[in-house]
Amino acid sequence: MNITIIGASAGIGLETVKRGLNRNHSITTLSRSEIEIEEKKSLKVILGDATNKADLLNSIQNADALIITLGTGKNMKATTLFSDFAKLIVEIHRENKIDIPFIFVTGFGAGESKNYVPWLVKMFLKYFLKDVYADKTKMEEIITNSNLNWTVVRPGRLLDKELTEKYRIENKLFKGIDIGGINRADVADFLIKQVEKQTELKKYIAISEK
């Protein structure tokens with residue numbers, strides 16, 4: 001498949017690039033920074049801005065699926081990155097009728113899931129990431145009210161461990177859901193497998209270690 005990954009220079013995005021290449025897909029990336037990776041054969045790197053229409057259109061030409069792993073790094077200040085991107089991709093979809101999977105990564109704590117996080121995480125989100133998660137929630141709302149073939153993936157606390165391919169996914173929120181840590185590599189594995197076969201269409205997926 002031709003898979004475009006938006007926000008691919010670090011974290012989950014970079015792991016998703018690696019996993020996609022490992023599973024023999026052709027990957028196009030759009031990010032502000034260069035991709036630090038050895039495998040270049042099936043990789044097309046576009047440097048640009050995910051909220052710039054020309055850059056975004058350029059990156060999704062011929063795409064069979066789109067994975068969005070936008071992030072603000074360690075910056076916890078208020079942002080409109082997520083909602084600005086969502087508005088733009090919905091506009092592009094409306095103009096071009098792109099009938100492909102769109103897989104969005106936000107975080108467990110966005111949207112309704114904020115009511116199901118442990119107390120300590122709730123305090124962290126409230127005092128440190130409130131503004132970032134408010135905009136992630138806004139992105140979720142824009143996307144889920146659109147006609148995109150969307151799936152929203154909400155990982156728990158992100159870890160830098162090796163790929164295990166063993167993780168738990170939940171597509172409904174319930175008391176005691178207990179979404180804990182998850183390897184970035186395992187999130188990437190789920191994202192790639194989801195574009196290969198979109199089994200969780202129009203669902204919010206929480207993902208955690210088993």
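Here a colleague and a modeller talk through helix packing, pockets and a cavity in a predicted model.

Colleague: Before we start, what kind of model is this, and how are residues numbered?

Modeller: It's a predicted model, where local features need pLDDT of at least 70, side-chain atom pairs count only at pLDDT 80 or more, and totals for chains, interfaces and linings use all residues. Residues are numbered from 1 along each chain as its sequence is written, and side-chain values use heavy atoms, with hydrogens and water left out.

Colleague: How are two packed helices described?

Modeller: By the angle between their axes and the distance between the axes. The axes are lines fitted to C-alpha atoms, for helices over the stretch in contact, and the angles run from 0 to 180 degrees between N-to-C directions. Helices (H or I, at least four residues) and strands (E, at least two) are DSSP runs, numbered from the N terminus. Take H1 (residues 11-22) and H6 (residues 184-196): their angle is about 55°, and their axes are 8 Å apart.

Colleague: What word describes how H1 and H6 lie to each other?

Modeller: Angles under 35 degrees count as roughly parallel, over 145 as roughly antiparallel, 65 to 115 as roughly perpendicular and the rest as oblique. H1 and H6 are therefore oblique. Their crossing is right-handed (the near helix is turned clockwise from the far one by less than a right angle; anticlockwise would be left-handed).

Colleague: Which residues of H1 and H6 meet?

Modeller: Contact means heavy atoms within 4.5 Å. On the H1 side you'll find Gly11, Ile12, Glu15, Thr16, Arg19 and Gly20, and among their partners in H6 are Arg184, Val187, Leu191 and Lys193. By class, the residues of this contact divide into 6 nonpolar, 3 polar and 5 charged. For those classes, Ala, Val, Leu, Ile, Met, Phe, Trp, Tyr, Cys and Pro count as nonpolar, Asp, Glu, Lys and Arg as charged, and the others, Gly among them, as polar.

Colleague: And H3 with H5: what are the angle and the axis distance there?

Modeller: H3 (81-96) and H5 (130-144) pack at about 15°, with axes 7 Å apart. They are therefore roughly parallel to each other, and H3 passes H5 in a right-handed crossing. The contact includes Leu81, Phe82, Ile89 and Val90 of H3, along with Val132, Met139, Ile142 and Ile143 of H5. That contact has 9 nonpolar, 1 polar and 4 charged residues.

Colleague: How does H2 pack on H3?

Modeller: H2 (residues 53-60) packs on H3 at an angle of about 60°, with the axes 11 Å apart. That makes H2 oblique to H3, and the crossing is right-handed. Lys53, Leu56, Leu57 and Ile60 are the H2 residues that meet H3, where their partners include Phe85, Leu88 and Ile92.

Colleague: On to the empty space. What is a pocket and what is a cavity?

Modeller: Both come from a 1 Å grid over the protein atoms alone: a cavity is a set of points where a 1.4 Å probe fits but cannot get out, while a pocket is an open set with protein on both sides within 12 Å along at least five of seven lines. Lining residues have an atom within 4 Å of a point. Grid points are joined across faces, edges and corners, and a volume is the space filled by probe spheres set on the points. Here the largest pocket has a volume of about 1,300 Å³. It is lined by 48 residues, and Gly71, Gly73, Lys136, Leu158 and Arg184 lie nearest its centre. H4 gives the most to this lining, with 4 residues.

Colleague: What about the second largest pocket: which residues are closest to its centre?

Modeller: This pocket has a volume of about 220 Å³. Of its 13 lining residues, Gly109, Lys114, Leu125, Lys126 and Tyr133 are the closest to the centre. H5 gives the most to this lining, with 4 residues.

Colleague: How many cavities of 30 Å³ or more does the search find?

Modeller: The whole structure yields 1 cavity of that size. About 40 Å³ of space lies in the largest cavity, and its lining includes Phe108, Arg154, Glu170 and Tyr204. Strand E10 (residues 204-209) gives the most to that lining, with 3 residues.
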